[in-house]
Amino acid sequence: MILNASGCLDALSAPEVAHGLDAFVTKTVTPEPRAGNRPVRIAETDHGMLNSIGLQNPGIDRFLDSVLPCLAELGIPIWTSVGGASPEEYAHMCERLDGRREVVTIELNLSCPNVASPDGDAAEIVAAARAATDRPLYAKLSAAVPDLPAVARAARDAGADGLSLVNTVRGLALDERTLTPRLGREVGGYSGPALKPIALAAVFACYRETGLPIVGMGGISGGSDALEFLAAGAVAVALGTVLFADPEAPRRVRRELDEQLRERGIASPAQATGIAHIARTSRAPVVAA
Amino acid sequence: MLRREALSVVAVEHVGAYTLLRAARGSLEPGTPGQFFMLAAPNRVLPRPMSVCAAPAGELWFLIDAIGPGTRALCMLGQGDVVQALGPLGNGFRLDVERPLLVGGGIGIAPLPYLSQSLGRPPAVLGFRSNRHAEAAVLVPNAEVVVEPTLVTEAIPGGYDILACGPEPMLDAVAELAPGAQLAWEAPMACGYGACYGCVVEVDGELKRLCVEGPVLCAA
């Protein structure tokens, strides 16, 4: 299953890109409208990019009234990413979404590096959200914490149905001439190819720790990257930065992943999930028996 | 509908301080003047937005100022190399103007040759920071050229419909002089097709995505 990483696609601006996905994940919606951070918001670095969008969104009222009905017309399953300042706000968001059948999954954005961190830890927020909805709840976590598996376990114990791993990590880029920050808000979220080993380690560890379904993301640009995330323990992958360079990435990554699986004799993506955890004595390439 | 294609580089030429990248057009349409393409820079994570400089038969021309790693990589391309291009994107200039005057500053002259051709070679005023940069004025017909310390805004006559592209301070000054001018803006972009919300600029207190609501915006 191939999704987009939240924040990396506006399905209404580019429906043909969204149609290449198995599900569309919205940009994070918050209780009130947010204008987002002041420009400059984008800075490419040698092996990735920084963004400082700052959760620009119309707020939950307008999202429900005018955005969600248009998204539903696309005919793609919709995951809605939600943010808030406290467990109560997350719970409120989940209550508002709970009655909307267009939304198949709620992703709790617990880790945006471009806005102030919410009050309450991940477990408190997940617990509050859990009490407000029966919908599948995925907790989106950052790898930039001292003990990610412990956070993931706490999220699971509080009622999360799955994990989205990982969010961007905070980074800084300086203008080479002036040696001042290139982004308007100085720091931003780092994504792209350089994030992949960090994201893989997070998926690997949280798969082992929690057994929850995981959407793996971070630096996926081709089918072999996607296969590695499945092998580390993901059941699905999400594309982020690669969508900016290649809007055809959803179909291309799917095609390349299918080729990889076929070449290795692996019948389905599900059969690839977790194979990095199987103890092996041989260093021979992985192919199905 | 997004169109993306691998284009073959026909030639890479120096024009003063800038580089003219000429690519075979393939099946891509050139769009209207002021629209742009996202060009994949070799070995870079993000493509770079480049407006169409000219669209002679079978080709697309892009005028590039090699100021960073992405633009430098594009200028290092050679004949026969391939460059991925997505476009045309954004909103170009409106061409239904009575007395057009093209105003360009520095690399902001990039879309003006195509615009000039589309409007029947109207008068133009171009400003550059050095004589070497000003050599690129050869690309724009009927142009009056000024070089710093003279500013292009000092050379704009009254009574024209202004279509301008250049650095932000120049566009701000043009907007003061000529409310109603069409201004082509620039911002760092990641996607070019409305996905990332990275290229917003504040216009009259409102944030606009330059890639889908611009890059040409009305000054008033």
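## Two helices in chain A

A:Lys196, A:Leu200, A:Val203, A:Phe204 and A:Tyr207 in H6(A) meet a set of residues in H7(A), namely A:Asp225, A:Glu228, A:Phe229 and A:Ala232. Sorted by class, the residues of this H6(A) and H7(A) contact come out as six nonpolar, no polar and three charged. Keep in mind while browsing that this is a predicted model.

As for the geometry, two numbers do the job: packed helices are described by the angle between their axes and the distance between the axes. Helix H6 covers residues 196-210 of chain A and helix H7 covers residues 223-232 of chain A; their axes come within 8 Å and cross at roughly 25°. Because angles under 35 degrees count as roughly parallel, H6(A) is roughly parallel to H7(A).

## Where chain A touches chain B

On to the contact between the chains. Here 28 residues of chain A are in contact with 26 residues of chain B. On the chain A side, the elements giving two or more residues are strand E3 (42-44), strand E4 (49-51) and helix H8 (241-245) of chain A. Which of these supplies the largest share of that side? That would be H8(A), with four residues.

The class split for the side of chain A that touches chain B is 15 nonpolar, eight polar and five charged residues.

## Chain B, domain by domain

The domain assignment cuts chain B into domain 1 (4-89) and domain 2 (100-218). The C-alpha centres of these two domains of chain B lie 19 Å apart.

Between them, 20 residues of domain 1 of chain B are in contact with 21 residues of domain 2 of chain B. On the domain 1 side, strand E3 (36-39), strand E4 (48-51) and strand E6 (82-89) of chain B each chip in at least two residues. By class, that side of domain 1 of chain B has 16 nonpolar, three polar and one charged residues.

## Strand E2 and its partners

Now for a closer look at one strand of chain B. Is strand E2 (residues 18-24) of chain B mostly covered or mostly open? Mostly covered: five of its seven residues are buried.

E2(B) pairs with strand E1 (residues 4-15) of chain B in the antiparallel sense, over six bridges. B:Val15 has B:Tyr18 in E2(B) as its bridge partner. E1(B) and E2(B) make a hairpin with two residues between them, and B:Gly16 in the turn has a positive phi of about 60°.

E2(B) also runs antiparallel to strand E5 (residues 59-64) of chain B, with six bridges joining the two. In that pairing, B:Ala24 stands opposite B:Glu59 in E5(B).

## A six-stranded sheet

Chain B also has an open sheet of six strands, in the order E9-E8-E7-E10-E11-E14, with mixed pairing. In general, strands of a sheet pair through backbone hydrogen bonds, either parallel or antiparallel. Which strands sit at the edges of the chain B sheet? Strand E9 (143-147) and strand E14 (216-218) of chain B do, each pairing on one side only. From one strand to the next, the twist averages 20°.

Inside the sheet, strand E7 (residues 100-105) of chain B runs parallel to strand E8 (residues 124-128) of chain B, and four bridges join them. To find your way around this pair, look for B:Gly105, which stands opposite B:Gly127 in E8(B).

Technical notes
Residues are numbered from 1 along each chain as its sequence is written. Chains are lettered from A and ligands numbered from 1 in the order in which they are written. This is a predicted model: local features need pLDDT of at least 70, side-chain atom pairs count only at pLDDT 80 or more; totals for chains, interfaces and linings use all residues. Two residues are in contact if their C-beta atoms, placed from the backbone, lie within 7 Å. Ala, Val, Leu, Ile, Met, Phe, Trp, Tyr, Cys and Pro count as nonpolar, Asp, Glu, Lys and Arg as charged, and the others, Gly among them, as polar. Two strands pair if DSSP finds at least two bridges between them. Axes are lines fitted to C-alpha atoms, for helices over the stretch in contact, and angles run from 0 to 180 degrees between N-to-C directions. Angles under 35 degrees count as roughly parallel, over 145 as roughly antiparallel, 65 to 115 as roughly perpendicular and the rest as oblique. Domain bounds come from an automatic or database domain assignment. A residue is buried if 20 or more other C-beta atoms lie within 10 Å of its own, exposed if 12 or fewer, and partly exposed in between; C-beta atoms are placed from the backbone.
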